[in-house]
Amino acid sequence: MTNKLFCLTVIILLSLSKVCAHQIDAEHYLTEIKIALSVEDSATIKLKPLSDRLNKLDTAKLESLLSNLIANCESVGDDKTTHCLYLLGGVYYFNRKLFEHSLEYFNNAVKYCHRDRQLEYLDFLRGLIFINIKKYQSGYNCLLKIAEKDIENNEITLIECESYKAISEYYTNIGNQEYAIKYLKKYAEYSDSLNCQNVDQSYYVLPAYIQSKYIDKQIYYDNQEEIDEMNNREKDQQNLIYILVLLGTILLSVTFIFSYKTIKLKKENVNLNNSNIRLDNKTIQLEHEKSSFASLALIAGETANAFSILDNTGKISWVNNGFEKLYGQNMRQYILHNGDNMFASKNIERRKTLEQCRHDKITKSCEIMIKTSDNDTKWIQSTISPVIENNKIIKYVVVDNDISRIKKAEANLLLNNKTLTTQNIQIQTQKDQLEKQNFHINQQNELITGSIRYAQTIQKTLLPNINHINDYYKTFVIYKPKDIVSGDFYWFYYDVETNSSFIAVGDCTGHGVPGAFMSILSMRLLDEIIINIKNPAEILNQLEIKVINVLKQRETENTDGLDISIARIEPNDNDATITVAGAKSYFFYHDYQLNKTEIVKGTKKSIGGLFLCFKDKAFENNIIHLKKGDRIFLSSDGIIDQNNTERRWFGSPRLIETISDSSSKSIEEQKQYIEKQLIGWQQSEPQRDDICVVGLQI
């Protein structure tokens, strides 16, 4: 009898502890929600752990808890808390992919909305649900209202950014790949710059896979004290439960074993949650890499050169349109006739070059002769570059260029030289002609070889060597890409025949990988144009024609372009004549004697891009006469558009003032002064765009 009474006491004590804990937990849960709603600035932070706590409940306990709390709040007319509870329940079912239940909760939450941004957020969640349950048109209607909303102060919110991705998925599901890529590009563009300051600080909570992408890490650092306080409060509650459980373990050892297994299970759940977070982050990274590769493939596909990508074993994984034109075969046909692995290529020279590239881990080139599908013979210059990560080659990039015309010309030259040996009267005349032809062929060969080399090396090797420019003028260059590579570039050319120099600074559409490829294309086009055209305005007119044609902008939706200024410097004994032409660009010059800095405005249109109907307007030259000691400056809009902590731009007036204040310094000291002013202005603000400034002393 005593033993039975003892066991009954233990059971009642344990049951009472669980009931008390449940009652205290529910009341405390409702109190924390009301506290969070009363302090809106940190509501997202406070509701995050409350949502996580709900996610640990099973469906039956959740329904019981929420139904009691919602009924209580509705009875007292507490609309804010009622809205929040419906929202938390909807997110709970959303995370478990029980979309019908989630939609029911969200529809009820709409009834208690008291702000437009709450309704916008619920439209976003309902749009995601409709797409998941294959009601694509309903989902598209919800999301489009958010995506087409006017963006205030050029700042996009998390909800608008994620809407672009969801709309891209909608178009993918209905088979419209063109619009799917269009909205995916928008998502990739805005998600790069999106930070937690852009997240609307209303009291909504996010589904787990979105929450982990944008908020968790930043919230932890920004609100450490609040999180610690909430964790301590949870620990106090847990300690009370542990005390009650401890009483049971003294009487019954089985309770101890149960508690031990519960703690172990919680640790395993934490490890599982961390693994899910890392997996979501990896998925986002892969999405960005996929978007960047799509941009690379789009631009590489436009060039006449043949591009192919090999994996680290030498197998062909991708070719561009130029490859099919050069070889007269698509990728499948080429592999059928030649095999899929270039390490086993029938061409000994190509195989040898690839082996050298693998051994030395640097770019290698060779000249080979091939047979095309129509049995035609071609000479190819093949450049193979390794892509290295963690000191290991992960793939190879091969660029092939047709040099048959050059080889044929070289053969003709040899034949002509043999004929000329028997003709004494015509030797000198024909020798001069051959030298001119040989010089022209060498120039063409250098341009072709240079273009291939530039396309396969990092962007910095494509830019002019500052020491080369200093051979003619005292010069400084401030070059600060926003990302690893830049859409800005500077370009220099010295014309031996006229003793004149050409200097240019360009700002291509975008930044990072897409901007870098556009800058490579622009520099290559300038190299081609300058051979025959020496007038700055006409150079820009020709550059615009070439950009529009190469990117097929009159037939496609491509809107890439660039802003650029170019100056021709014709020096005399003590002065120089500067001829400047610009496309929405910035050109400054400083008169040393008058200590005055002026700006020369270019033509108000870009090269390529939007508004092709206005492209008939020609670029115009501006002529300036400067004296020895005066300086000229070319700049992209990166430094001018850089904001400070108060969201104010650096601006062209401030740049003019900075140039004037440092005009008495040496050219190198002036560079350091401008950089110091920029850093002092920017402070902790992130760099908004690529920055390129070139200064040159007459």
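## A guided tour from the β7–β8 hairpin

Select Phe-489 first: its bridge partner in β8 is Gly-506. The model on display is a predicted one. Extend the selection to strand β7 (residues 488-495) and strand β8 (residues 500-508), which are paired in the antiparallel sense over eight bridges. The two strands make a hairpin, and four residues separate them. In the turn, Asn-499 has a positive phi of about 55°. Colour β7 by accessibility and the strand appears mostly covered, with six of its eight residues buried.

**The whole chain**

Now show the entire protein as a cartoon. It contains 24 helices and 16 strands. Of its 698 residues, 44% are buried. A contact map would show that, among contacts between residues at least 6 apart in sequence, 62% join residues at least 24 apart. With the surface switched on, the accessible area comes to about 38100 Å², and carbon and sulfur atoms account for 52% of it.

**The sheet that holds β15 and β16**

Select β6, β16, β15, β11 and β12, given here in their order within an open sheet of five strands with antiparallel pairing. At the edges stand β6 (474-480) and β12 (596-601); each has a single partner strand, so one side of each lacks a neighbour in the sheet. Direction ignored, neighbouring strands here are turned by 15° against each other on average.

Inside this sheet, pick out strand β15 (residues 631-635) and strand β16 (residues 691-697), which run antiparallel and are joined by five bridges. Leu-634 is a useful residue to label, as it stands opposite Val-694 in β16.

Add two helices to the view. Helix α23 (residues 652-661) lies across β11 (586-591), β12 and β15, and runs at about 30° to β11. Helix α24 (residues 667-682) lies across β6, β15 and β16, at about 25° to β6.

Two loop residues deserve a stop here. Asn-595 belongs to the loop between β11 and β12. Its phi is positive, about 50°, although Asn-595 is not a glycine. Asn-595 is partly exposed, with a relative accessible area of 47%. Arg-647 lies in the loop between β15 and α23, and its phi, near 65°, is likewise a positive value in a residue other than glycine. Is Arg-647 buried or exposed? Arg-647 counts as exposed because its relative accessibility is 51%, and the threshold for that class is over 50%.

**The sheet that holds β1 and β5**

Move to another open sheet of five strands, with the order β2-β1-β5-β4-β3 and antiparallel pairing. Its edge strands are β2 (316-319) and β3 (364-371), each with a single partner strand, so one side of each is left without a neighbour in the sheet. From one strand to the next the twist averages 25°.

Select strand β1 (residues 306-311) together with strand β5 (residues 392-402): six bridges join these antiparallel strands. Phe-307 faces Val-399 in β5, standing opposite it. Helix α16 (residues 348-360) packs on this sheet and touches β1, β3, β4 (377-389) and β5; the direction of α16 makes about 160° with that of β3.

**The nonpolar cores**

Nonpolar side chains in soluble globular proteins tend to be buried together. The largest nonpolar core here has 57 residues, and those touching the most other members are Ile-33, Phe-106, Tyr-121, Phe-124 and Ile-167. Helix α4 (residues 79-95) gives the most to this core, with nine residues. Apart from it lies another core, of 51 residues, including Tyr-490, Ala-504, Leu-543 and Tyr-589.

Return to Phe-106 and display its surroundings. Which residues does Phe-106 touch, not counting those up to four places away in sequence? They are Leu-87, Gly-90, Val-91, Phe-94, Leu-122, Leu-125, Arg-126 and Ile-129.

**Tyr-209 and the cysteines**

Select Tyr-209, which is found in helix α10 (residues 208-214). At 33% relative accessibility, Tyr-209 counts as partly exposed. Draw a distance from its C-alpha atom to that of Asn-95: the separation is 8.2 Å, for residues 114 apart along the chain.

Finish with the cysteines. How many disulfides are there? The count comes to zero. Label two cysteines for contrast: Cys-113 counts as partly exposed at 23% relative accessibility, whereas Cys-357 counts as buried at 0%.

Definitions and conventions
Residues numbered from 1 in each chain as written. Predicted model: local features only at pLDDT ≥ 70, side-chain atom pairs only at ≥ 80, totals over all residues. Heavy atoms only, no water. Core = buried A, V, L, I, M, F, W, Y, C linked by side-chain atoms within 4.5 Å. Buried < 20%, exposed > 50% of the residue type's maximum accessible area, 1.4 Å probe, protein only. Contact = heavy atoms within 4.5 Å. Disulfide = S-S within 2.5 Å. Pairing = 2+ DSSP bridges. Axes fitted to C-alpha atoms, helices over the stretch in contact; angles between N-to-C directions. Areas by Shrake-Rupley, 256 points an atom, 1.4 Å probe, with all protein chains shown as cover.
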